[in-house]
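Biologist: Good morning. Could we go through this structure together, beginning with the ligand?
Modeller: Certainly; please display it first.
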Amino acid sequence: MSAPPTAPSSAHPAHPDQLPADGSVRVGIDDRFHRPAPRAAGVRRAAQIGSRALGPLIVLAVWWLAAAQSWVSPILLPAPGTVWDAAVDLVVSGKLQENLAVSLVRALTGLGIGIAVGAALALFTGLSKAGEVLIDSNVQMIRSMPILALQPLVIVWFGIGEPTKVLLVALAVTFPVYINTHAAIRAVDSRFVELATTRGLGRLALIRRVVLPGALPGFLTGLRFATSISWLVLVVAEQINATAGIGYLMTQARTVARTDVILVGLAVYALLGLVSDTLVRLIERKALSWSSTLQAR
Amino acid sequence: MVLDAPGTLTPATTTDDAGAAAPAPVVVEAHDVRRAFDGRGVLHGIDLTVRRGEFVALLGRSGSGKSTLLRILAKLDTDAAGTVSVPALPAVAFQDSRLLPWARVLPNVLLGLRDAAARERARTLLDDVGLGDRARAWPRQLSGGEQQRVALARALAGAPELLLMDEPFGALDALTRIRMHRLLRDLVSRYSPAVVLVTHDVDEAVLLADRVLVLTDGRLSLDEPIDLPATGRRSHPGFTALRSRLLTELGVGDDDH
Ligand SMILES: Nc1ncnc2c1ncn2[C@@H]1O[C@H](COP(=O)(O)OP(=O)(O)OP(=O)(O)O)[C@@H](O)[C@H]1O
Ligand SMILES: [Mg+2]
């Protein structure tokens, strides 16, 4: 076998087979695996977002046109500009922030309680026979009931104050968290439990090292359902007997036929939903970076 | 690098100056082990003694009860009859690597171990299996062979007296398997646990073990030492002879191959 031709010492080591016969090293010929530059990918992504924004933009344009041409009464559907002005007014007067804060506190308190209770119940039933018998069958029965149907009962029990609203949110949140976490705990691979046994892991270590991380994806799915349902319930709860909150703002607006304010409230709810969903997705990415289904950055 | 070092097998007996062999301490002692599933007997009374430093291969047809016996030795089966005495925590290597997907490589190797010495050993073992630079990788970022190497490192990280393996290389391609054989032989000579290796691969058994068992109809129908040099076995004349004898014992004629 002949000695490989010597390449310039500064060049990357090249396999002898790839070198031209004259021993020179050519650079930059290997573009068989050309990949689009990151910038091109960014442009494509921007284009993607742009095309997704097209639909809403068309709706906005039609809405604007309909208002400008007086196709619909401004009482039913005020012009986009009017709604924008209403939003600015609400922000300047501080009314929006005030009521938003109230709504946020309700939603977060309800979410916190519901998540804690749902996860704790799921752990209890998922890890013990007694829990399974005592709780799971009951929960599975109640889950098919629309949570909002409980409202009259909750009002009778707790009145029409803050606790009722928070409780309704908490109740609605508990179920998706419980059901998804419970299913995930049950589905934890028994082969890993077996492995833990051979490594001498005690019950607590087993829960910490195997059960909890294994059930995390299910819990996070539950969390995503929970956040979206929490807004849904809050909207309804806030429109009955509330004295503050985004829902109250909208109910007030209805009584004085301020459709523009109602639309502002709707937009705020939509934004809240969007933001919370994005947050949960971020948490998912971060927490499940080990999983192949969610590529983390 | 470890992969290239020649493997040596630890003898099952220690020889004193006079040349008389004193038997090494017993690591596994099983007596009259029986197991039935729903009334259907799988193991009909197994007696087995494994001593320190022994590398035992357990052969048997599919469904003969090899995994069942291994699980009993690993104390994973509580419904078996008979007496089994094994070290407190025998290490187990499964056919799948069984790495926790949510733990990085090093924590996987350290699973269940807390002392500082184990940490040191885990690092060394990862170097030994050629994955010292992948300690922070997620299991899904490793190839099948690499995952199995991590599993091997994990099995040895607790400095086990006994290493139980159930077809650990069954899911690997032929080339990777050959490399794993070398690696295993090397690691075993370095950390000297007693080994029970379940396999359906006669070549694997003859290449690696210094004692071979055949499980037939719920009993050990063959139990004999392998008298072959530690390395270069495949070209040894004794290799083919033993191989065809084992194949016959397993009910497969040599010509069927
Ligand atoms: N949990 C179980 N429940 C019922 N039957 C079982 C169980 N585990 C094993 N068996 C039966 O016991 C017999 C032996 O199974 P085992 O898994 O030990 O075989 P094996 O020798 O390891 O086979 P293979 O080489 O295919 O892995 C089989 O007939 C199997 O069906
Ligand atoms: Mg088996």
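Biologist: How far does a backbone N or O atom of G65(B) lie from an oxygen atom of ligand 1?
Modeller: The distance is 3.0 Å. Please keep in mind that this is a predicted model.

Biologist: And what about S64(B): how far is a polar backbone atom there from an oxygen atom of ligand 1?
Modeller: For S64(B), that distance is 3.3 Å.

Biologist: Which part of K66(B) has an N or O atom 2.7 Å from an oxygen atom of ligand 1?
Modeller: In K66(B) the atom belongs to the side chain, whereas G65(B) uses a backbone atom.

Biologist: How much of ligand 1 does the protein bury?
Modeller: Ligand 1 exposes 630 Å² when taken alone, and the protein buries 60% of that.

Biologist: Which elements give two or more residues to the shell around ligand 1?
Modeller: They are strand β4 (40-51) and helix α1 (66-73), both in chain B. The greatest contribution, three residues, is made by α1(B).

Biologist: Which other residues are around the ligand?
Modeller: The residues around ligand 1 include F37(B), R40(B), R61(B), T68(B) and E167(B).

Biologist: How do the residues of that shell divide into nonpolar, polar and charged?
Modeller: Six are polar, four are charged and two are nonpolar.

Biologist: Let us change topic. How many helices and strands does chain B have?
Modeller: Chain B has seven helices and eleven strands. Of its 257 residues, 51% count as buried.

Biologist: What supplies the area that chain B exposes?
Modeller: Chain B exposes about 11,700 Å², and carbon and sulfur atoms supply 48% of that area.

Biologist: Now the interior: which residues touch the most other members in the largest nonpolar core?
Modeller: That core has 85 residues, and those touching the most other members are V210(A), V264(A), L43(B), L100(B) and L162(B). Helix α8 of chain A, residues 203-238, provides the largest share, with twelve residues.

Biologist: Why would such residues gather in the interior?
Modeller: In soluble globular proteins, nonpolar side chains tend to be buried together.

Biologist: What does L162(B) touch, leaving out residues up to four places away in sequence?
Modeller: Among the residues that L162(B) touches are V27(B), V86(B), P90(B), P193(B) and V196(B).

Biologist: How many residues are in the other core that lies apart from the largest one?
Modeller: That other core has 53 residues, including A57(B), V109(B), V202(B) and L247(B).

Terms used:
Residues are numbered from 1 along each chain as its sequence is written. Chains are lettered from A and ligands numbered from 1 in the order in which they are written. This is a predicted model: local features need pLDDT of at least 70, side-chain atom pairs count only at pLDDT 80 or more; totals for chains, interfaces and linings use all residues. Side-chain values use heavy atoms; hydrogens and water are left out. Helices (H or I, at least four residues) and strands (E, at least two) are DSSP runs, numbered from the N terminus. Buried means under 20% relative accessible area, exposed over 50%, partly exposed in between (1.4 Å probe, protein chains only). Accessible areas come from the Shrake-Rupley method with a 1.4 Å probe; for residues, only the protein chains shown count as cover. A nonpolar core is a set of buried Ala, Val, Leu, Ile, Met, Phe, Trp, Tyr and Cys residues joined through side-chain atoms within 4.5 Å. Contact means heavy atoms within 4.5 Å. A residue is near a molecule or strand if one of its heavy atoms lies within 4 Å of it. A polar contact is a pair of N or O atoms within 3.5 Å; within protein, one must be able to donate a hydrogen and the other to accept it, and residues adjacent in sequence count only if both atoms are side-chain atoms. Ala, Val, Leu, Ile, Met, Phe, Trp, Tyr, Cys and Pro count as nonpolar, Asp, Glu, Lys and Arg as charged, and the others, Gly among them, as polar.
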